[in-house]
Every structure is written in C-alpha cells, then in structure tokens.
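Student: Could you walk me through how to read a model with two chains, feature by feature, giving the general idea before the particular case?

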Amino acid sequence: MAITPPSNRLWWKEPIQAVELGWIILAFLWGLFMFFFMIAWHFIGDQNLSNETYRVTPEGFEEKVVAFAEEFQKIGADGAPVEEDGVPVVAPPEGGDVYMLARLWEFWPILELKNGVAYRFHLSSTDWQHGFSLQPTNINISVHPGYEHVFTLTPTSSGDFGVVCNEYCGIGHHTMTGRIRVVD
Amino acid sequence: MTSIDQGAVPVGGVQASYRTCRFTGLRVEANAELLIKVNAVTAVIFLLIGGLMGLLVALTRWPAIQLLPAEWFYLVLTGHGANVLLFWILFFEIAVLYFAGAILLGARLAAPKFAWLAFILMLAGALMANYAVLRGDSSVMFTSYPPMMASHWFYLSLIIFAVGALLAVIIFFATLVVAKAENTYNGSVPLVTFGAITAAIIAVFTLASGAIILIPTWLWSVGLISGIDSLMYKVIWWGMGHSSQQINVAAHVAIWYAIAAMVLGAKPLSEKVSRMAFLMYILFLQLASAHHLLAEPGLSSTWKIVNTSYMMYLAVLGSLIHGLTVPGAIEAAQRRNGFNRGWFEWLTKAPWGNPAFSGMFMSLVMFGFIGGISGVVLGTEQLNVLMHNTIYVPGHFHGTVVAGTTLAFMAVTYLLVPLLFGRDIIWPTIAKWQPYFFGFGAAGISLFMMGAGTLGVARRHWDLSLTDAAHGYEFPAAAYLMMGLNGLAAILAAVGGVMFILVIVGSILAGPRLDRPGATMTFPLHDKSREAVAEYGSEIHPKLPGTIVLVTIFFAAFVLYYFVNWKYLSELWLFN
C-alpha cells in the first residue's frame with residue numbers, strides 16, 4: 001500500500017503494467033507533438049510574438065512617441081489637429097513605425113491604422129509594468145519600463161478597438177485604457 | 001511481509017514517547033503529533049482569513065454588486081493571495097511533511113525545538129505580512145512586480161516566512177535520516193513519503209529562488225539598492241512562484257495515494273512507475289518561470305519554447321502518469337473489494353459518502369480536466385498571448401490550487417483528525433456534503449473565470465465597465481454574465497469552506513473521543529488496511545477497463561481543447 005514500504009524490496013524489478021506502459025508512450029508522444037507544434041507555428045502560423053527588443057530609457061522613449069504623435073497627428077476636415085478625450089489621434093503612414101506609450105494611467109496616443117497593412121509597432125512603459133490587452137481581438141502583451149518591444153502588427157478587422165491595461169499598476173489601474181481605430 | 005511495528009527498535013540515546021494508533025497500527029511520536037496539529041490548525045486559520053478575502057474579491061468582481069471600493073479591493077486581493085496561496089498551503093504542507101516523515105515511517109521528529117522555531121518564524125512572517133497589507137501601503141498583489149514598491153515590511157515578512165519554511169523542510173530531511181538510522185522501517189520509504197520527499201526537494205529550490213529575489217528587493221525598499229530590473233525580477237520571482245505550485249502538486253498527488261490506500265486499501269499499480277512520475281517533477285521542474293514570461297519582451301522564442309517544455313513536456317508527463325495510476329489503483333482495489341461488475345461498478349459503489357474519498361476523487365478529476373489542461377494550453381508559447389494576464393489565468397490556477405490542492409488537503413484532514421486528535425468527525429451529514437459544495441464551487445470559479453478570460457476580461461481589475469477610464473470600452477454581455485456566475489460559484493465554495501472549518505474545529509474541540517475501547521470511526525478506514533499493505537505484487541495484471549475509458553475521455557478532451565485554441569489564435573490579427 002502507498003503508505004507503507006513496498007513489501008518487495010526489489011520493487012524496481014517488478015514489471016510495468018501493460019496499460020501503464022501504453023499510456024506513458026501515448027502521453028510522451030503527445031508531449032513531443034506539442035513541443036514541435038510550437039516550433040512549427042513559427043513557420044506555418046501568423047501569430048508569433050516578436051523577439052525584437054531594445055534597451056531604452058523611459059525619457060528617451062517618451063521623446064520618440066511625442067515626436068511621432070506631432071509629426072503624424074490627424075488633421076480634420078476643418079484643418080485643425082484631431083483629438084478625442086483630449087488625446088491626439090495619430091494616423092501614421094502605411095507600413096511605417098507606430099509608437100504606443102503605456103503610463104499611469106493611459107495608453108497614449110490614439111492610433112488610426114489601415115486594415116490589412118503591416119506596421120512596425122513600438123511598445124514600452126515610462127513608469128511601472130503594464131499590460132497591453134487589445135480587445136475584443138484579445139491579444140495580450142506585457143509592457144516593461146526600459147524595454148522597447150518592436151513587433152510587426154497587421155490588423156485584419158476594422159472598427160474601434162480598446163486597449164485595456166491587464167497588469168496591475170496601482171489604484172488607477174482600472175481607468176487605464178487606450179484606443180486603436182482601424183479603417184478600411 | 002513488512003509492517004512498521006516490526007523492526008522498530010529505537011537505538012541511540014534519544015528518548016521519545018510513542019503511542020500506537022488503534023486504527024492504523026502506525027507508531028505516533030508525541031512531538032511529531034503535536035507539531036503536525038499546530039501547523040495544520042494554523043493552516044486552517046489562514047484558510048479562513050484568506051478564503052473570506054477571496055469571497056470579498058469575487059463579490060467585488062460581480063459587476064452587479066461590486067462590493068468593495070477600489071482601494072480596498074486591491075488591498076484585499078493582495079491579502080487573499082498571500083494568505084491562501086502561501087500561508088494556508090505551506091503550513092499545511094509542513095504538517096504533511098512531518099506526517100509523511102515521522103508518522104508513516106514510525107520515527108521521531110528530528111530536533112523538535114527547531115521545528116518549533118520554524119513554526120514561530122513562519123507564524124511571525126505570516127502575521128507581519130498581514131500587518132503590511134492591512135497598513136494599506138502594500139497593495140502590490142502577490143507578485144509585487146517592481147518598479148511598484150510595497151512597504152519594506154511586506155518583503156521582510158515573506159523572507160522571514162520563507163526562512164521558517166526552509167527550516168521546517170530541513171527538519172523533515174533530518175527526520176528521514178533519523179528514521180533510517182534508527183531502523184524504524186524496512187526497505188524503501190512508502191510511496192507517499194517518496195512523494196513528500198519530492199515536494200520537499202522542490203521546496204528547497206523554490207525557497208532559494210524566493211530568497212535570491214526578495215532579499216535584494218527588500219534592500220531596494222529600504223533604499224540600499226537603487227533599482228530592480230523588472231524583467232530580471234520576473235524571471236527569478238517565478239522560480240519561486242511557479243515551482244511553489246509544483247510543491248503543491250507533489251504534495252496533493254501524495255495525498256491522493258494516501259487516501260486511496262487508507263480508505264480503499266489501494267496500492268500502486270507498480271511502485272516503479274508511480275515513483276518515476278514523482279521523480280519527473282524534480283528532474284523536469286523546468287526553469288519554471290518560463291510559463292509566466294511568454295508574453296514578455298526581451299526573451300527569445302527559443303528560450304521560451306525550451307523552458308516551458310524542456311523539449312518533451314516531461315513534467316506534464318509525470319502528472320499524466322499519476323492521472324492513470326491513481327484511478328487505476330482505485331479501480332484495482334475496488335475490484336479486489338468485490339465491486340467487479342461491468343466497467344464502472346468500482347466507481348459507482350465507491351464510498352461517495354465519505355468526505356475523504358469524495359474530496360480526493362473530485363480533486364483528481366478537477367485537477368486534471370480543469371487545472372491541468374488549461375495549464376498546458378496557457379503554457380504554450382503562442383497560445384499564451386490569447387490569455388496572458390486575463391482572468392483566464394486565475395481561472396486556471398483556481399482549478400489547480402483550489403479544486404486540486406485545497407480540496408485534497410481538506411479530504412485528508414477528515415483522516416488526520418481521528419488519527420492525530422483522537423476525535424471522531426462530528427456532524428457527519430455536513431461533513432458528507434462539504435466536499436461537494438466546495439468542489440463544485442471551486443470548479444465553477446475556475447470555469448467561469450476561464451470563460452470570462454477568453455472574452456478578454458482582465459485579472460486584478462476593479463471595474464469591468466471601465467466607467468472612469470481614459471477611453472471607454474464595452475466588454476460583451478457574456479463577460480458580465482460570467483463574472484456574475486463566478487460570484488455565485490464563489491458563494492457556493494465559501495459555504496463549503498465554512499462547512500469544512502465548522503466540522504473540523506467542532507470535531508477537534510468536541511468530537512467523540514476515539515481512544516476509548518470499542519469506539520469506531522464514522523467514516524471508517526478500509527477493513528484490511530493493514531493486511532492489504534503487506535503484499536506488493538498481487539495486483540499483477542489487473543483489469544482496468546473503467547480507468548482506460550476515463551483516461552481516453554480525458555485525452556480526447558485535452559487534444560480537442562488544445563486545437564480549439566490554435567484555431568482561435570489563427571483568427572487574431574497578424575503579429576510577429
């Protein structure tokens with residue numbers, strides 16, 4: 001019994017039950033499959049998190065994002081720069097670099113992207129850790145201060161998307177959101 | 001033929017007082033007994049505190065109720081994590097280690113004075129942590145990721161607690177040495193003790209990782225270090241945070257075997273396979289932190305893939321093996337007990353009214369189906385992006401730690417109270433229903449949180465409606481429904497938790513005494529629990545059709561769910 005010493009002192013010489021052996025082989029092969037499938041997805045799949053990351057200072061990153069927003073802020077029909085909720089709406093050139101900054105407690109600025117176009121997306125934090133959670137498409141990426149994460153992002157659906165912070169970042173955590181608009 | 005009473009010849013100069021348990025024949029040493037009692041009772045008190053905090057969290061996340069204000073919500077959530085995930089679990093695990101070391105081997109506890117010191121350090125750490133959290137300046141969540149900083153009391157309390165726990169683990173190892181030296185058992189240690197040794201070895205690695213990261217973080221909080229790199233912190237912190245869950249797994253799997261043995265007279269199908277499966281937990285514990293870092297920048301895909309799987313998912317294989325051998329051992333024992341008709345008579349005629357058995361079996365099923373499958377999916381490099389930091393993650397680990405570990409610990413308590421306190425379980429009707437309330441509540445919590453997580457609901461988040469947010473976003477109505485159902489399931493689990501505490505505390509204080517001649521246990525042990533022990537090998541070539549059906553269903557569910565998630569992933573925006 002399991003709570004007493006095995007009565008056969010040479011228990012390691014006992015045979016393995018056939019059903020156990022069959023299950024071990026099946027489970028082992030399944031484990032191997034799952035391992036290789038992760039590798040395979042890097043070749044057959046279109047959703048793989050980028051390995052491209054740079055060291056950056058929070059101030060340095062903020063400067064880049066502000067410059068980006070000033071250069072590409074959307075101009076409305078009346079000729080004035082467009083803002084929503086007091087935040088600039090930025091429409092970068094197709095296929096260009098796009099910056100988003102996470103800080104207590106907002107994702108800045110609002111981005112307007114084109115459906116089906118690949119952008120180089122730069123993401124970092126200027127203070128604490130945050131969580132970039134794009135909804136409702138449900139892409140979730142961690143954001144660290146001091147690390148500039150660069151990945152290629154291609155929207156495949158259009159409309160207004162929410163960015164919700166899902167890494168706890170203090171008392172205002174539940175007010176931290178952002179917005180990405182995708183137009184056809 | 002081996003039994004513990006034979007060959008138990010105390011040698012050396014150390015005096016210890018023993019009694020022999022009337023029901024199991026186990027030799028129980030007084031110091032071991034007392035320290036098991038003290039650690040287990042303390043564990044239950046922290047379960048009460050932490051469980052209550054958990055209920056408050058669930059009622060706050062129920063959008064229609066939103067019980068606590070935001071500031072209190074984050075405070076209570078931090079306290080909930082520390083009290084149940086650390087203090088309840090680790091105090092109880094120390095009790096399990098002392099039981100598997102001293103009691104199962106019929107030995108004395110080594111260095112009882114140091115065991116008391118370990119207990120006092122752990123208690124001081126646990127109380128200090130609650131003080132730090134309740135002060136209000138340490139609402140940093142269980143993970144306490146920098147650069148967010150808690151009060152220095154918070155980090156110090158965890159360090160003190162970890163030192164105490166490490167000392168207790170060392171005493172467990174010393175007890176094994178004493179048992180061997182004093183020849184209190186013959187041959188190899190029992191399988192359950194082997195499982196406990198596994199848990200203890202992993203605990204050393206875990207507590208060392210905790211010390212490596214928490215000591216500099218504490219120095220940072222008192223101003224002696226200028227900064228802690230956020231990514232480095234995560235890598236090392238999860239060496240503690242994840243491998244501590246592997247301690248739980250090893251401990252509760254050992255308890256599954258123990259309960260199956262004590263209640264049904266079950267023995268392992270083959271000692272070799274079950275022990276090898278435990279060994280896999282140690283060998284392939286993995287870098288452990290990798291599972292939690294799949295959505296981080298700055299770590300390569302190669303690092304992530306290798307360290308989540310160690311090329312072959314051998315730690316998962318360990319759990320899959322137990323997933324067959326535990327129900328297989330139960331089926332074989334039940335067939336020997338005469339329940340031989342059809343595929344499932346062994347299961348339908350199992351003692352479902354005995355809370356030790358029902359709790360144990362539900363723990364087994366729920367850990368596998370809910371916690372296990374979701375854990376592997378969550379730990380797959382690309383799939384993680386679908387759920388990282390959503391409430392799917394707490395859904396997963398409530399399946400492992402609540403439905404799995406906590407339910408198994410509760411189940412074994414129904415056996416420990418008669419054996420160690422010499423008291424019978426009072427209010428058998430409440431006791432009988434308790435595992436069902438708690439088990440189904442825990443399953444509900446896990447499944448509804450996982451459901452909400454797939455809809456994108458964030459974890460550790462006070463306001464699903466995002467009322468005061470910088471930019472509004474509407475979660476789908478189904479997400480609100482899921483969080484409401486989660487609240488209902490939490491109430492069910494809380495009722496089960498209160499039932500457990502009432503029955504256990506009531507039994508300890510006022511249960512009928514079992515040390516009188518002729519006294520019998522309400523939930524009896526297996527009649528032949530002593531003889532069944534003796535013979536290994538009569539279980540050769542058992543017929544296990546029921547178990548084969550069960551694992552086939554499990555495997556099909558696993559494969560199906562795995563591919564459903566890949567399908568879901570393939571529909572996301574493209575990123576690389």
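Tutor: Let us begin with the term contact: two residues are in contact if their C-beta atoms, placed from the backbone, lie within 7 Å. Bear in mind throughout that this is a predicted model.

Student: Leaving aside its neighbours within four places in sequence, with which residues is His398(B) in contact?

Tutor: Once those sequence neighbours are set aside, His398(B) is in contact with Ala403(B), Ala442(B), Ile445(B), Ser446(B) and Met449(B). His398(B) itself belongs to helix 14 of chain B, which covers residues 392–421.

Student: Is His398(B) buried or exposed?

Tutor: The criterion is a count of neighbours, and a residue is buried if 20 or more other C-beta atoms lie within 10 Å of its own. His398(B) has 29 C-beta neighbours inside 10 Å and therefore counts as buried. As for a distance to another part of the chain, 22 Å separate the C-alpha atoms of His398(B) and Val235(B), which are 163 residues apart along the chain.

Student: How many helices and strands does chain B have, and what does its radius of gyration say about the chain as a whole?

Tutor: Chain B has 18 helices and three strands. Its radius of gyration is 23 Å, close to the 25 Å that the globule rule gives for 576 residues, so chain B is as compact as a globular protein of that length. The C-alpha trace of chain B spans about 70 × 60 × 45 Å along its principal axes, and 61% of the 576 residues of chain B count as buried. Among the contacts in chain B with a separation of 6 or more, 85% are between residues 24 or more positions apart.

Student: How many residues of each chain take part where chain B meets chain A?

Tutor: On the side of chain B, 93 residues are in contact with 77 residues of chain A. Helix 10 of chain B (residues 314–336) gives the most to that side of chain B, with eight residues. The residues on the side of chain B that touches chain A divide into 58 nonpolar, 24 polar and eleven charged.

Student: Which strands of the two chains pair with each other?

Tutor: Strand 10 of chain A (residues 147–154) pairs with strand 3 of chain B (residues 574–575) in the antiparallel sense, over two bridges, and Thr154(A) has Leu574(B) as its bridge partner. Within chain A, strand 10 also pairs in the antiparallel sense with strand 1 (residues 52–55), over four bridges, where Arg55(A) is partnered by Tyr147(A). Five bridges join strand 10 of chain A to strand 7 of chain A (residues 119–125), again antiparallel, and Phe121(A) stands opposite Phe151(A) there.

Student: How should I read unusual backbone geometry?

Tutor: The general background is that most residues other than glycine have a negative phi, and most peptide bonds are trans. In this model, the peptide bond from Leu104(A) to Trp105(A) is cis, with omega near -10 degrees, and Trp105(A) lies in the loop between strand 4 and strand 5 of chain A. The peptide bond from Pro146(B) to Pro147(B) is also cis, with omega near 10 degrees, and Pro147(B) sits in the loop between helix 3 and helix 4 of chain B.

Student: What is the phi of Tyr313(B), and where is that residue found?

Tutor: Tyr313(B) has a positive phi of about 55 degrees although it is not a glycine, and Tyr313(B) is found in the loop between helix 9 and helix 10 of chain B. Tyr313(B) is buried, with 25 other C-beta atoms within 10 Å.

Technical notes
Residues are numbered from 1 along each chain as its sequence is written. Chains are lettered from A and ligands numbered from 1 in the order in which they are written. This is a predicted model: local features need pLDDT of at least 70, side-chain atom pairs count only at pLDDT 80 or more; totals for chains, interfaces and linings use all residues. Ala, Val, Leu, Ile, Met, Phe, Trp, Tyr, Cys and Pro count as nonpolar, Asp, Glu, Lys and Arg as charged, and the others, Gly among them, as polar. Two strands pair if DSSP finds at least two bridges between them. The radius of gyration is taken over C-alpha atoms; the globule rule is 2.2 Å times the number of residues to the power 0.38. A residue is buried if 20 or more other C-beta atoms lie within 10 Å of its own, exposed if 12 or fewer, and partly exposed in between; C-beta atoms are placed from the backbone.
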